[in-house]
Amino acid sequence: MNRKMIALLLVMIMILTACGDASETLPTGTPLPATETTEQPDEVVDKDETWAVYWYLCGSDLESEDGCATDDLQELMTVPLPENVTFVIQAGGAPKWQNEFISSDSITRLVYTGNNLEPVEELEQANMGESDTLADFLSFCNDNYPADHKMVLFWDHGGGSTTGVSVDKNFDGDCLTLPELRKAFTATCEPSMTEQPYDIIGFDSCLMATIDVAGIFKDISKYLIASEENEPGIGWSYDEWVKTLAENKPIDLKELCKNICDTYYKTCEKYEVAEKITLSVTDLSKIPALQEAYSAFGDEALINMLSDDDFYAKYDRSAKKAQNYGGNTDKSGYSDMADLGDLVNKSKTLMPSSSDALEKALSDAVVYQVMGDRRKKASGLSCYYPYSYDSSNYKGYHKATETKSFDYYFRYLFKDSFSNQGLAYISSLIDGAKVTKKKTVGKKELEDHKIKIIGGNTAELNLGPDIAKLLSAVYYQLVVTDGDTYMYLGTNNQLDYDWDNGVFRDAFDGTWGSIDGHLVYMEVSASEEEYTIFTVPIKLNGKECYLDCSIDNKTREGSILGVKSSIENGVSAKDYKKLEVGDKITTLFGTGSIENNTLDLVDIDTIKVKEDTNFSLTDLGDATYALLFEMQTADGKDYTSEAAFFQVKNNTMKFIE
């Protein structure tokens, strides 16, 4: 029997037995370095000038299942507004609304002034994910509720550069792509880099702080407020930041943006979901310079690709080390969004000519941000990177991006060819450039590669430098077995890496992730020098979802950061939350075939969440296990080595040679 194949279900080999208010301190956020010459000039709005917030409220399943949109409307209504401030709201996109004044069968327009939220118009059902629906709302607002200063606020799930925002569950989950957003705004206002029609574009949604999103709004608005990472279901704090508008005194635009970030962070701390959050303020007048610097970074990548046959793999390794957002694992799904600043930092040795200028342009553009302790590498804006190797995500990016260099780079990654426009672009960079088929490594070199046992307790994979240089990542998989059947426990990157010589040795210490002592299936989703974050598939109260769990790489202590839904079609659900006492967690193990991507998860144990429920490393129980090296190539393929079997008895492990 193939030792990498798992039978239907391994009868249990072993059974291991084994969130409240936080600080009310208001964070100051993290302002990035900038000079007076690199920021949008401070603009103070006189207290008598008028404000209008145009709120595009696509309720989706966030409202129909949990009433999150209704909660935020109720927060808003706790703040009495002065006469010069108006909220105009268009609500739709939800199969069910958890209130009596919005219907799921139509589009409802409401206005909040003073102390009253009043319906002003009921329209036929329409798709909130269509450009025309947004354009009609913007025209309605500008015609009927003009103001000296205007903000457009989007509320719902988000998918960043590849997918967009506003997922309408009444229309098969259709959403506003970036080109559709651009089309709606340019149809209803006059873009200008010197006289932007709007003061602020805000996204109370996941993953929308990207260089591509900023690009489509650079001549539409002065500032962009958005998150690189998933947002929790509680979202922005409307009962706090709106008070700034309601104070009826001069308002500094930048200070208003900062207040939105700070109150968001404070609320996330209160509900114990702040560890992975981000929210940033981008000065959109600086985006043309940032786009130019990013394009030069892509140019250098293209030039390197033509002269270095293993550049793809080296750049892929850099991207996998960079902070990324949304999840980006096989089980949880992929957003394909990487932190722009951290990616540049991790790639400096590969693109030394353009990196410094790009870092400077990024720090000029992002003027303020807040982030949790597990998101300290956040730079404020993310960029597309195909972690998933999913061509459909690339197609969304291709339609949205203005950065031709990386568009051509990623097209070549997927298609192994350039369009005529791409060839012309490359020729403009290098006279007489010749494009050859990229060098790859595959099944013949990697599948069932032999493992050597060193000293009785260390598994070594020796690929040699020529093969290793074409790989983008190496992990190991852990399997528990009774000799005939196998169950996967997931992947880890606890390895000693020697990329130059192509030698990889496991640094496995005999422990694995567990919840209250119950082993779990887990996948590495992020790895920093200080910590590693794992995605842990579970069932929470019977519903499939995913825990974000962290291990401190120095102390080896673990923690549960939060729970979330999967990423579907590039869209990340805005439902990040903490576990509640009394919740029921069902742990899962894997069955199927890793190399054929057919791994299914089966229920193992059910745990009732207590006050001290936590994720930690647990000693493996007495049993026979298998360790397999997983090798990933720069063209998105996974291969596994032969299995190295070891036994654990009385907390002592020894490989079976």
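**Exercise 1. In which sense do β23 and β33 pair, and over how many bridges?**

Before we solve this, keep in mind that you are looking at a predicted model.

*Solution.*
- Step 1: Find β23 and β33 and compare their directions. The two strands pair in the antiparallel sense, over five bridges.
- Step 2: Pick out one pair of residues. Thr-511 stands opposite Asp-619 in β33.
- Step 3: Now look at another partner of β23. β23 and β24 also pair in the antiparallel sense, this time over two bridges. Here Ser-514 has Leu-519 in β24 as its bridge partner.
- Step 4: Check how covered the strand is. Five of the five residues of β23 are buried, so we call the strand mostly covered.

**Exercise 2. Which residue in the hairpin of β23 and β24 takes a positive phi? Follow that residue to its salt bridge.**

*Solution.*
- Step 1: Go to the hairpin, which has two residues between its strands. Asp-516 takes a positive phi near 50 degrees there.
- Step 2: Look for a charged partner. Asp-516 forms a salt bridge with Lys-610, and their closest N and O atoms are 3.2 Å apart.
- Step 3: Place both ends on the chain. Asp-516 sits in the loop between β23 (511–515) and β24 (518–519), while Lys-610 sits in the loop between β32 (600–608) and β33 (615–619). The pair links distant parts of the chain, 94 residues apart.
- Step 4: Sort the two by accessibility. Asp-516 has a relative accessible area of 17% and is buried, because buried means under 20%. Lys-610, at 43%, is partly exposed.

**Exercise 3. Where do Lys-346 and Asp-342 lie? Compare their pairing with the one you just solved.**

*Solution.*
- Step 1: Find the contact. The side chains of Lys-346 and Asp-342 meet in a salt bridge of 2.8 Å, N to O.
- Step 2: Locate the partners. Both lie in helix α11 (residues 340–346), four residues apart, which is about one turn of the helix.
- Step 3: Ask how covered they are. Asp-342 is buried at 4% relative accessible area, whereas Lys-346 is partly exposed at 24%.

**Exercise 4. How many salt bridges does a search of the whole structure find? Study one that involves Asp-548.**

*Solution.*
- Step 1: The search of the whole structure finds 30 salt bridges.
- Step 2: Asp-548 and Lys-276 meet through their side chains in one of them, at 2.8 Å from N to O.
- Step 3: Asp-548 belongs to strand β27 (residues 543–552) and Lys-276 to the loop between α8 (253–270) and β12 (278–283), so this pair ties together parts that are 272 residues apart in sequence.
- Step 4: Are these two buried or exposed? Both Asp-548 and Lys-276 are buried.
- Step 5: Widen the view. Asp-548 and Lys-276 are linked in a network of salt bridges with Glu-229, Arg-375 and Lys-564.

**Exercise 5. Which strands sit at the edges of the open sheet with the order β13-β14-β16?**

*Solution.*
- Step 1: Count and order the strands. There are three, in the order β13-β14-β16, with antiparallel pairing.
- Step 2: Check the sides. β13 (324–325) and β16 (382–384) each pair on one side only, so they are the edge strands.
- Step 3: Zoom in on one pairing. β14 (residues 337–339) and β16 pair over three bridges in the antiparallel sense. Met-337 stands opposite Tyr-384 in β16.

**Exercise 6. At roughly what angle do the axes of α3 and α5 cross?**

*Solution.*
- Step 1: Two packed helices are described by the angle between their axes and the distance between the axes.
- Step 2: The axes of α3 (residues 131–144) and α5 (residues 178–186) come within 8 Å and cross at roughly 30 degrees.
- Step 3: The crossing of α3 and α5 is right-handed.
- Step 4: List the residues that meet. Ser-131, Leu-134, Ala-135 and Leu-138 in α3 meet Glu-180, Leu-181, Lys-183, Ala-184 and Phe-185 in α5.

**Exercise 7. Why is helix α10 called largely enclosed?**

*Solution.*
- Step 1: Nine of the eleven residues of α10 (residues 311–321) are buried, so the helix is largely enclosed by the rest of the structure.
- Step 2: Name some of them. The buried residues include Phe-311, Tyr-312, Tyr-315 and Arg-317.
- Step 3: Find the cover. Among the elements over these buried residues are α9 (287–307), α11, α14 (404–415) and β34 (623–633).

Conventions:
Residues are numbered from 1 along each chain as its sequence is written. This is a predicted model: local features need pLDDT of at least 70, side-chain atom pairs count only at pLDDT 80 or more; totals for chains, interfaces and linings use all residues. Side-chain values use heavy atoms; hydrogens and water are left out. A salt bridge is a side-chain nitrogen of Lys or Arg within 4 Å of a carboxyl oxygen of Asp or Glu. Buried means under 20% relative accessible area, exposed over 50%, partly exposed in between (1.4 Å probe, protein chains only). Axes are lines fitted to C-alpha atoms, for helices over the stretch in contact, and angles run from 0 to 180 degrees between N-to-C directions. A crossing is left-handed if the near helix is turned anticlockwise from the far one by less than a right angle, and right-handed if clockwise. Contact means heavy atoms within 4.5 Å.
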